[in-house]
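Colleague: Could you take a close look at one part for me, the place where the chains touch, and then carry on into whatever else is worth seeing along the way?

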Amino acid sequence: MTHAYTPGLRLAEKIQIRKSRNLPLPGDVIVKKGDIVKSGDIVAKTNLPGRVHSVNVVNRLAILPGELRKYMLKKEGESVQKDEIIAETRPFIKMFKSICLSPITGNIESISDITGQVLLREPPKPVQVSAYIDGRVVETIEKEGVVIESNATFIQGIFGIGGETTGELQIVVDSPEGIIKPEDLQETHKDKIIVCGSIIGFDAIKKALDIGVKGIVVGGIRDKDVNELLGYDLGVAITGSEDINITLIITEGFGQISMAQKTFDILKHREGSIASINGATQIRAGVVRPEIIIPYNKEYADKASEMIAETEPPRNEESVGISIGDPIRIIRNPNFGKIGKVKTLPSELRTIETEAKARVLEVEFSDGQTAVVPRANVEAIET
Amino acid sequence: MKNELNVIVATDCGSTTTKAILIEKKGNEYRQTFRGESPTTVESPFEDVTRGVLNAFAELEELSGRKILDGEKIITPAEGDTGVDIYISTSSAGGGLQMMVAGAVKTMSAQSAQKAALGAGAIVMDVIASNDKRLPHEKIERIRDLRPDMILLSGGTDGGTVSHVVELAEFIGAANPRPRLGMTFQLPVIYAGNKEARERVSAVLKDKTALKITDNLRPTLERENLGPARQEIQNLFLEHVMAHAPGYKKLMSWTGVPIMPTPGAVGEMMQAIAKKENINVVGVDIGGATTDVFSVFDQIFNRTVSANLGMSYSISNVIAETGIENIVKWLPFDIDETDIRNRIKNKMIRPTTIPQLLEDLKIEHAIAREALRLAFEQHKALAVGLKGVQKQREISETFERVAEEETLIDMNKLNLIVGSGGVLSHAPRRSQAMMMMIDSFQPQGVTMIAVDSIFMMPHLGVLSTINETAATEVFEKDCLIYLGPCVSLTNTGKHGSKCLDYIITYSNGNKIEDSLLLGELRVFDLKEGEKAKVEIIPARKFDVGEGKGRKIVKEVAGGVVGLVIDARGRPLDLKEGKGREPLAEVLSKWNMAFDAYPE
């Protein structure tokens, strides 16, 4: 493989971020370019077509499909109420009359004189899209959505479950290695997004759910605890739509792994701010990683954006590669989770323990020890 | 045109890597000479597939010394060390081709439609049938929610049911589905059902979808006609799906023949090789997200794709489907369940990492066995004869199991198994790949096992559509690595009892004679290019393909691993039981027989 480095997850204390907020179907955008919005504000809305129900009227009335229209009391497009008669026969003797009732309140979608079925559609369901982050509307796309810009702290996790939520950030451990216990969680954590250390167990997650914690950010979690939380074994890493009343983001991986010091420090620095988080993860084509966005308030934001204008690297640079001296994290056994600096980058292939020939690098840890690691098993730490 | 092709460049744009190969005519034969690869650039920040293709070309240029590009243009035709005669490509980037199929009867027209879609290289997201027991509104919701790239609607033999087909069309119309790519375009729908329902289907769907009508894929109960529907799927794949994927318009203008979906091209290659050698073949491609299985038995081609069985993105789903105990049973060491679960999930979230520890490699190989086994089971269930055809049956046949009766996959008649995909092609020792394939496919009788050296079957598949000779020549000389023949029992019996005697006579006259107990396995030296005569005399209750107690004598060709005599019985039984050795010891013995792992 010529590409060996996993580009690191993004981690920026101050960055100008843009979020597209799109409708699932064309609808109305209700904010203007330049508007200042809060995370909970509605920026666009639309109506999703209602569910379709079918009634086989010809069977109910014992008639032929070709005769269906003759017996229909309603035409295509007309509205109907639940239990309203939509078709009836007209025999000479009234007691032989058959009727067909509408199973729903809605509209007649179609009448088929081939299959004899009538399709009815429920009224449309309104859908609203919120701003999700505090910021400014910088673009509106007619009928589709908006783009919101904000100066914020931006941290990507490696994996998450649960969708978008917003809450005040609170650190509940002393260090990135800390372990949160159920008894550490109190009523005061209700509606908060809590930052834990190296691992959280199912008992603590359960307590957080009972209290009404909105989100959890943690270094690692055991797979079996995720299973217990979801009630099933997660097969494919496409998440975000779980109905679990809490959003969980892990920053390092499965198992007990201390949160990266820098991630922890940044989160600690922003404690007390309102964070918008989303656990949605998709690791197949079009990678989506979970995110933590903590917008700055306006005055600070204006100052910050100037700073960013100078320091923000171009987007494409992130996967260029790693040089000697760069900080990296090992992302597979052995030494999983350890952080070090690149000491050497031998160009020739080396035989590793499995006997596979791989491109490797030598990493030096803070205690001076070194290890040889396949390049595929490290990720760059974004600085 | 055929005679002018001396230098061919081919790419396969996969979801993570774009692989380019150079094929050149050297003297009278075609050989694959160089290869280059580069990350695929369909996703942001590049969003242009041609960037990755150009990068892969650049690597080819560097390695071969041939100038292929003039700026961003491919130089044609080839003259000396400059240019190529044709550029061809396949693609599975952006999730490949995702389809939904519908038919009147689940096991008849709907199944034929599913086969047509799979054969064209699609992932089938769902099969909707009039008799699939879902309520109409559930079907409509499902069609609306899935957002496929296209829908294939069939149903009714010509002159058969009209109302069921029109009903399905009405469901599709009511769902008003939107394509996955391009929010404003109409969803392509192919109608390949009862020709007498065409007008009515058209009336229901022509305003709501981009409707194409083609020949009925099941014109009579006794006959499938999948060709026209497959062709239409591939046309629409180019017109609608590819045209909306980033950079593909430009890529399509570069290629000499239409771009094919990757699995469709691999299928072409499998069929070409089965036809040329007149053999039955099973092929498998185990990727990170999906596992494709192809088979050609008595010239009938089938392909299935297990969309969520793979070695990285989908690795966790293998565990979800088979259960962790089925993975652990393949491991010759103890491991804590929490630990192995965490390791597997970490591979899922960081799919590009490779095993560094031997223990991790063995875990991945255990998972691969189960992924391959499950994918092959799914294949056997779909590769079946036509249902609805009247057959004469003996009374004794009534009692045989239905699945066995109907599948076209007869392991005893299988000549060749070809494996490809990282875990098989890049296994540190070839014997590991051979073991994984024998354990999961469980061949019976005499079967040759091979791997695709660098995954060039897709490239050769497209090439076979324009120059079959070149494609099959390169396939045999450069693509396949023969691991060796496997001679296996077809049944089982009492564990530890003597089940067969064997005599191996090498071409230099050397002979090896011995016997094996049930549960044993031996590997003999028989190098590539060498031949040997193998005589197997099974004990009275055992069968090696010719019937219980019947001797077989076969001449077999060697491979890089050697000749395997597998007396473990079929189905392979990995239970621990009374009078048996502990499973870990048994596994270690098998591993040692293959010299599969370092001590």
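Modeller: Sure, bearing in mind that this is a predicted model. Chain A brings 47 residues to the contact, and chain B brings 49. On the chain A side, the elements that give two or more residues are mostly strands: S5 (52-56), S9 (106-111), S10 (117-121), S20 (247-254) and S28 (370-374), along with helix H4 (223-230). Of these, S5(A) gives the most, with three residues. Sort that side of chain A by class and you get 19 nonpolar, 17 polar and 11 charged residues.

Now over to chain B itself. Its domain assignment gives domain 1 (2-93), domain 2 (96-249) and domain 3 (345-594). Between domain 2 and domain 3 of chain B, the C-alpha centres are 37 Å apart.

There's also a helix pair in chain B to look at: H16 (residues 457-466) packs with H17 (residues 468-479), the axes being 7 Å apart and the angle about 155°. Since angles over 145 degrees count that way, H16(B) is roughly antiparallel to H17(B). Their crossing is left-handed. From H16(B), the residues making the contact are Met457(B), Leu460(B), Leu463(B) and Ser464(B), while H17(B) answers with Glu468(B), Ala470(B), Ala471(B), Val474(B), Phe475(B) and Cys479(B). Split by class, this helix-helix contact comes to eight nonpolar residues, one polar and one charged.

Definitions and conventions
Residues numbered from 1 in each chain as written. Chains lettered and ligands numbered in written order. Predicted model: local features only at pLDDT ≥ 70, side-chain atom pairs only at ≥ 80, totals over all residues. Contact = placed C-beta atoms within 7 Å. Helix = DSSP H or I, 4+ residues; strand = E, 2+ residues; numbered from the N terminus. Nonpolar A, V, L, I, M, F, W, Y, C, P; charged D, E, K, R; others polar. Domains from an automatic or database assignment. Axes fitted to C-alpha atoms, helices over the stretch in contact; angles between N-to-C directions. Parallel < 35°, antiparallel > 145°, perpendicular 65-115°, else oblique. Left-handed = near helix turned anticlockwise from the far one by under 90°.
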